[in-house]
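Take a first walk through this structure with the sequence at hand. The tour moves from charged pairs to helices, then to single residues.

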Amino acid sequence: MIKENIAKVQENIKNACIKSGRDVSEVTLIAVSKTKPIEAIYEAMACGMKDFGENKVQEMCDKIETINEPLNWHLIGHLQTNKVKYIIGRTCLIHSVDSLHLAEKIQDEAAKKNVHADILVQVNVANETTKFGLSTDETIDMIEQIAKLPNVHIQGLMTIAPFVDDPEDNRQIFREMKQLSVDIKGKNIDNVDMNILSMGMTGDYEVAIEEGATMVRVGTGIFGERNYNR
Ligand SMILES: *Cc1c(COP(=O)(O)O)cnc(C)c1O
């Protein structure tokens, strides 16, 4: 089933790229494997998947140790400062940086290990009070601060759009995210790149791609529904 799902998602990504005049190589599919067993990840790996997303540090570290293959592990969930030390040097990209305090902690740990940490700044353009992430107004200030941290490298922006029945309802949010990333790129801030726009999940990744996403995070669409009561 995972194999068929991946083929279907890849086909949809291709079609969204064709529709919007983009090259399919511009879009990275991240298989969001949170709550799913190791066997499911092996199945996805057998289909050529190399990018996996997890939202809990402990679960991600356990999976990294068990699988022990050169995969790209993306931390997509809220990150507590006391857990930063476990993931620096192991995750390829932290998608969820939403405070200077967290970025400073990442700086400390990256400096200790003498590595660079690639991060995305999480923006909440929808301004939903229940979700993490910065408002568009706060984002540019924050980026200018984080840019000064020598071992932290901002690669772009991430957002979690609201859960909606009709993905068209999120199109405007994705469009605003793209515009924000273009605006920030135009500022030419040292140590800041805007190459990555991480947006779009199972319900809305095609619309996200049409509006400029370079990374889509798909869980349910690949691995099926999650069961949180295991
Ligand atoms: C769980 C999760 C996803 C994947 O959600 P699906 O709707 O299952 O595709 C994507 N991004 C983040 C941040 C998540 O926590």
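A salt bridge is a side-chain nitrogen of Lys or Arg within 4 Å of a carboxyl oxygen of Asp or Glu. Arg171 and Glu211 fit that description, with their closest N and O atoms 2.7 Å apart. The two sit in distant parts of the chain, 40 residues apart. Arg171 belongs to helix 7 (residues 171-186), while Glu211 lies in the loop between helix 8 and strand 8 (215-218). Helices (H or I, at least four residues) and strands (E, at least two) are DSSP runs, numbered from the N terminus.

A word on the model itself. It is predicted, so local features need pLDDT of at least 70 and side-chain atom pairs count only at pLDDT 80 or more, while totals for chains, interfaces and linings use all residues. Residues are numbered from 1 along each chain as its sequence is written, and side-chain values use heavy atoms, with hydrogens and water left out.

Are Arg171 and Glu211 buried or exposed? Buried means under 20% relative accessible area, exposed over 50%, and partly exposed in between (1.4 Å probe, protein chains only). Arg171 has a relative accessible area of 14%, so it is buried. Glu211 is buried because its value is 12%.

How many salt bridges does the structure hold? There are ten. Side chains of opposite charge can pair when their charged atoms come close. Glu210 and Lys19 make one such bridge, at 3.4 Å from N to O. Glu210 lies in helix 8 (residues 205-210) and Lys19 in helix 1 (residues 2-19), so this pair ties together parts that are 191 residues apart in sequence. Lys19 has 63% relative accessibility and therefore counts as exposed. Salt bridges also link Lys19, Glu168, Arg171, Arg175, Glu210 and Glu211 into a network.

Another bridge joins Lys63 to Glu54, with the closest N and O atoms 2.9 Å apart. Lys63 counts as buried because its relative accessibility is 5%. Glu54 is at 0%, so it counts as buried. Glu54 lies in strand 2 (residues 51-54). Its C-alpha is 9.8 Å from that of Ile30, which is 24 residues away in sequence. What does Glu54 touch, not counting residues up to four places away in sequence? Its contacts include Ser33, Lys34, Ile41, Lys63, Trp73 and His74. Contact means heavy atoms within 4.5 Å.

Lys63 leads on to a pair of helices. Helix 2 (residues 38-46) and helix 3 (residues 57-67) have axes that come within 11 Å and cross at roughly 60°. Axes are lines fitted to C-alpha atoms, for helices over the stretch in contact, and angles run from 0 to 180 degrees between N-to-C directions. Helix 2 and helix 3 are therefore oblique to each other. Angles under 35 degrees count as roughly parallel, over 145 as roughly antiparallel, 65 to 115 as roughly perpendicular and the rest as oblique. The crossing of helix 2 and helix 3 is right-handed; that is, the near helix is turned clockwise from the far one by less than a right angle, whereas anticlockwise would make it left-handed.

Which residues meet there? Helix 2 brings Ile38, Ile41, Tyr42 and Met45, and helix 3 brings Lys63, Thr66 and Ile67. By class, this contact has five nonpolar, one polar and one charged residues. Ala, Val, Leu, Ile, Met, Phe, Trp, Tyr, Cys and Pro count as nonpolar, Asp, Glu, Lys and Arg as charged, and the others, Gly among them, as polar.

Now to the chain's distant pairings. Ile2 is in helix 1. With a relative accessible area of 9%, Ile2 is buried. Ile2 and Gly224 are 222 residues apart in sequence, yet their C-alpha atoms are 8.0 Å apart. Beyond residues up to four places away in sequence, Ile2 touches Ala40, Glu43, Ala44, Ile222 and Phe223.

Ser181, in helix 7, is buried at 6% relative accessible area. Its C-alpha is separated by 21 Å from that of Glu168, 13 residues apart along the chain.

Two loop residues close the tour. Most residues other than glycine have a negative phi. Thr35 has a positive phi, near 70°, and lies in the loop between strand 1 (28-32) and helix 2. Asn114 has a positive phi of about 55° and lies in the loop between helix 5 (100-112) and strand 5 (117-122). Thr35 counts as buried at 11%, whereas Asn114 is exposed at 68%.
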